[in-house]
Amino acid sequence: MLAGVAIGAIAVQGLHAQGAKLKAYVISENEILDASAQAAYLPTARKLIAEAHGRALRTAAGRVVQIEGGAPPKGAALTEWDSVDDAVAFYKSKAWADLAPQRDKAVKVVRRYAVEVEK
């Protein structure tokens, strides 16, 4: 009987895991075009991200160090999201699009992509 209960508990846990969304991280590779414009842009961008339930990891001004492979980007920003869907929805949102003129003065986005994280 105990074996049956254990198997049932594992099955229920597996069903919950199947429906759970995986966290995601968005990596934005960028080049700073104007440091003062970036300083003005970042608080607004971080506020919008937080309002959309994202978590900016404040790496925009951090060093990027090459470990393997090709040259690293000049800059990188990391943002944590509850799911890839949430991240994509935010970066396609009107609020983010409206910030484009300010962002374009501050940074050149080389590439931006989302990566799901296994539990």
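# Chatting through a predicted model

User: How sure is the predictor about this protein overall, in pLDDT terms?
Analyst: The protein averages a pLDDT of 87, and 84% of the residues score at least 70. pLDDT is the predictor's confidence in each residue, from 0 to 100. This is a predicted model, where local features need pLDDT of at least 70, side-chain atom pairs count only at pLDDT 80 or more, and totals for chains, interfaces and linings use all residues. Residues are numbered from 1 along each chain as its sequence is written, and side-chain values use heavy atoms, with hydrogens and water left out.

User: Which elements have the lowest and highest mean pLDDT?
Analyst: Helix H1 (residues 2–19) has the lowest, 48, and H4 has the highest, 98. Helices (H or I, at least four residues) and strands (E, at least two) are DSSP runs, numbered from the N terminus.

User: And what about residues 2–12?
Analyst: Their pLDDT stays under 50, and the model has 0 contacts for them beyond four places in sequence. Contact means heavy atoms within 4.5 Å.

User: OK, on to the sheet. What's the strand order?
Analyst: The order is S2-S3-S1-S4, in an open sheet of 4 strands with antiparallel pairing. Strand S2 (55–56) and strand S4 (107–116) are the edge strands, each pairing on one side only. Two strands pair if DSSP finds at least two bridges between them.

User: How many bridges join S1 and S3?
Analyst: Strand S1 (residues 24–32) and strand S3 (residues 75–81) pair over 7 bridges, in the antiparallel sense. Tyr25, for instance, has Glu80 in S3 as its bridge partner.

User: Is Thr79 buried or exposed?
Analyst: Thr79 counts as buried because its relative accessibility is 5%. Buried means under 20% relative accessible area, exposed over 50%, and partly exposed in between (1.4 Å probe, protein chains only). Thr79 is found in strand S3.

User: What does Thr79 touch?
Analyst: Not counting residues up to four places away in sequence, Thr79 touches Ala24, Tyr25, Val26, Ile49, Arg55, Ala56 and Tyr91.

User: Switching to helix H3, where does it lie?
Analyst: Helix H3 (residues 84–91) lies across S1, S3 and S4, and runs at about 120 degrees to S3. Axes here are lines fitted to C-alpha atoms, for helices over the stretch in contact, and angles run from 0 to 180 degrees between N-to-C directions.

User: Which residues in H3 are buried?
Analyst: Ala87, Phe90 and Tyr91 are buried in H3. Seen down the axis of H3, its buried residues fall within an arc of 90 degrees, so they line one face of the helix. The arc is that of the directions from the helix axis to the C-beta atoms.

User: Why would they line up like that?
Analyst: An α-helix has 3.6 residues a turn, so residues three or four places apart point the same way.

User: What covers the buried residues of H3?
Analyst: The cover includes S1, helix H2 (35–51), S3, helix H4 (94–98) and S4.

User: How many residues are in the largest nonpolar core?
Analyst: It has 16 residues, and those with the most contacts inside it are Tyr41, Trp81, Phe90, Tyr91, Trp96 and Leu99. H2 gives the most to this core, with 6 residues. A nonpolar core is a set of buried Ala, Val, Leu, Ile, Met, Phe, Trp, Tyr and Cys residues joined through side-chain atoms within 4.5 Å.

User: Last one: what's the phi of His53?
Analyst: Phi of His53 is near 70 degrees, a positive value in a residue other than glycine. His53 lies in the loop between H2 and S2.
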